[in-house]
Amino acid sequence: MSKYVSSVYRDREARVCAPYYKPIPAVIERAEGVWMWDVEGKKYLDMMSAYSAVSQGHLHPRIIKVIEEQMRVLTLTSRAFHTDKLGAFLQKMCDISGMEMAAPLNTGAEAVELAIKAARRWGYHTKGIKHNEAEIIVANNNFHGRTTTIISFSTEREYRYQFGPFTPGFKAIPFGDADALEAVITPNTCAFLVEPIQGEAGIIVPPEGWLKRVREICTKNNVLLILDEIQSGLGRTGKCFAFQHEGIEPDGLILGKALGGGFLPVSAFLSSREVMELMGPGSHGSTFGGNPLAAVVGLEAINIVLDEKLAERSATEGAYFLEKLRAIDSPLIKEVRGRGLWIGMEIQHVTARAVCERLMEKGLLSKETHETVVRFAPPLVIERKELDWALEQVETTLKELEG
Ligand SMILES: *Cc1c(COP(=O)(O)O)cnc(C)c1O
């Protein structure tokens, strides 16, 4: 246990830490699997898994092992030189996704930025769009990260307020509306960039058949379909990738979060040879992207998802949890929705924050999304008995708050 009570760490952090997060007040000291412990020794079930970046569970021993081995041999060369580890990692991502080439990066937002650059270049070079006139279509309430270009096409006021001037070249349409996509495409459209299920918007599941129609519309109009699966990918929705629910293939795929196995920032943009080959020497780069430590972690993170059948677990356990949550009879629940172990519980009459803080007291950690949604996205290794325990805490918490 740490030396001081929680408030000492919280206060120290608050004095010096940029205040753009409003954390749940738990002060975490260690974690293992689906459990976390705070500085006072209190144990919590992690139903947040770092916004789905810890799908494999905290401190997975297989990732510790590859890190320990790699860190004694080689950790960083930059891309000025080749390494013996990068190819195997990228090959694996291509194999599981059906993409032909991959670009290794660090954070999700960086991979989105490269997707935008690659789509624009393809638009000019291959599609023949007039210079500087390429357009990318996005969805309302999207979340793709926090860089100045990415917030330029956010529709969230608080993500954008006083951060202009913004990058032009984006058009937003309603999420899940294929007709709107078809209507807004012009000869200058190079790509449609979208999350297959919107995470930060509050776990918004689009109508069935939407993605299939989107695929057809993009193909017909020679527009790249780029899916941001940073959060939905690697098993979270009950398939390895969310696009597999509708049997389609995107032209570009963005991965991150769980690709780092809960240890390192590891992300990637994947696409066809036709698109990626346009990104020749000098057109992009990243000092840390694809470093050998990240490469072994990324490869092992994927192998764990496959070997431990985490997508299948997410499907069955997620369906169970969703059904049980829907069966809770409480006037505070407006809607429960989601896919796999990625579930949003929309709250009314009280704030989602109040629910999360009460859940914390009971030893269950989650975080509200906007004011009204409580998110349940545990590590995919979670067991049925742990979900049952979580359900009890949710049920009693809601009962208490109803009073
Ligand atoms: C988290 C997330 C990002 C941004 O990833 P960072 O690693 O925080 O930059 C982008 N897109 C989606 C869908 C995300 O969930």
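Visitor: Where is the place of T189?

Guide: Welcome! Please keep in mind that this is a predicted model. The strand in question covers residues 189–194. The place of T189 is in strand β7.

Visitor: Is T189 buried or exposed?

Guide: A residue counts as buried when its relative accessible area is under 20%. For T189 the value is 0%, so T189 is buried.

Visitor: Which backbone nitrogen does the side chain of T189 reach, and which residues is T189 in contact with beyond four places in sequence?

Guide: Setting aside neighbours within four places in sequence, T189 is in contact with K127, I129, E135, I137, V184, N222 and V223. Its side chain also reaches a backbone nitrogen, at 2.9 Å. That nitrogen belongs to T186.

Visitor: Let's turn to the ligand. Which residues surround the ligand?

Guide: Several of them are close in numbering, including T107, G108 and A109. Another group includes F143, H144 and G145. The full list around the ligand is T107, G108, A109, F143, H144, G145, E195, D228, I230, Q231 and K257.

Visitor: How many Å is a polar side-chain atom of K257 from an oxygen atom of the ligand?

Guide: A109 offers a polar backbone atom at 2.8 Å from a ligand oxygen. Q231 uses an N or O atom of its side chain, at 2.7 Å from a ligand oxygen. For the polar side-chain atom of K257, the distance to a ligand oxygen is 2.6 Å.

Visitor: What percentage of the accessible area of the ligand does the protein cover?

Guide: The polar contacts include the one from K257 at 2.6 Å. On its own, the ligand has 380 Å² of accessible area. The share covered by the protein is 80%.

Visitor: Where is the place of K257, and is K257 buried, partly exposed or exposed?

Guide: K257 is in the loop between β9 (252–255) and β10 (267–271). Its phi is positive, near 40 degrees, in a residue other than glycine. With a relative accessible area of 28%, between the cut-offs of 20% and 50%, K257 is partly exposed.

Visitor: Which strands pair with β9, and in which sense, parallel or antiparallel?

Guide: β8 (residues 224–228) is joined to β9 by three bridges and runs parallel to β9, with L227 standing opposite L253. Four bridges join β9 to β10, and there G252 has S271 as its bridge partner. The partners are therefore β8, parallel, and β10, antiparallel.

Visitor: Which residues of β9 point one way, and which the other way?

Guide: The residues to sort are G252, L253, I254 and L255, and all are buried. G252 and I254 point one way from the strand. Pointing the other way are L253 and L255.

Visitor: In the open sheet of four strands, which strands stand at the edges?

Guide: The order of the strands is β11-β12-β15-β14, with antiparallel pairing. An edge strand has a single partner, so one side of it is left without a neighbour in the sheet. The edge strands are β11 and β14.

Visitor: What is the bridge partner of T369 in β15?

Guide: β14 and β15 pair in the antiparallel sense, over two bridges. H370 sits in the loop between β14 (368–369) and β15 (373–376), and its phi is positive, near 55 degrees. Across in β15, the partner of T369 is V373.

Visitor: Which elements do the buried residues of α12 pack against?

Guide: Helix α12 has 18 residues and should span 26 Å; its end C-alpha atoms are 25 Å apart, which agrees. Among its buried residues are L310, Y320, F321 and L325. The buried residues of α12 pack against α11 (292–307), β11 (333–338), β12 (343–347), β15 and α14 (384–402).

Visitor: Which residue in the turn between β1 and β2 has a positive phi?

Guide: Four bridges join β1 (residues 28–32) to β2 (residues 35–38), and the two run antiparallel. R30 stands opposite W37 in this pair. The strands form a hairpin with two residues between them, and the one with a positive phi, about 60 degrees, is G33.

Visitor: Which two residues does a cis peptide bond join?

Guide: Look in the loop between α7 (157–160) and β6 (170–173), which holds P165. Omega of the bond is about 0 degrees. The residues joined are G164 and P165.

Notes
Residues numbered from 1 in each chain as written. Predicted model: local features only at pLDDT ≥ 70, side-chain atom pairs only at ≥ 80, totals over all residues. Heavy atoms only, no water. Buried < 20%, exposed > 50% of the residue type's maximum accessible area, 1.4 Å probe, protein only. Expected span 1.5 Å × (residues − 1). Contact = heavy atoms within 4.5 Å. Near = heavy atom within 4 Å. Polar contact = N/O pair within 3.5 Å; in protein donor to acceptor, adjacent residues only side chain to side chain. Areas by Shrake-Rupley, 256 points an atom, 1.4 Å probe, with all protein chains shown as cover. Pairing = 2+ DSSP bridges.
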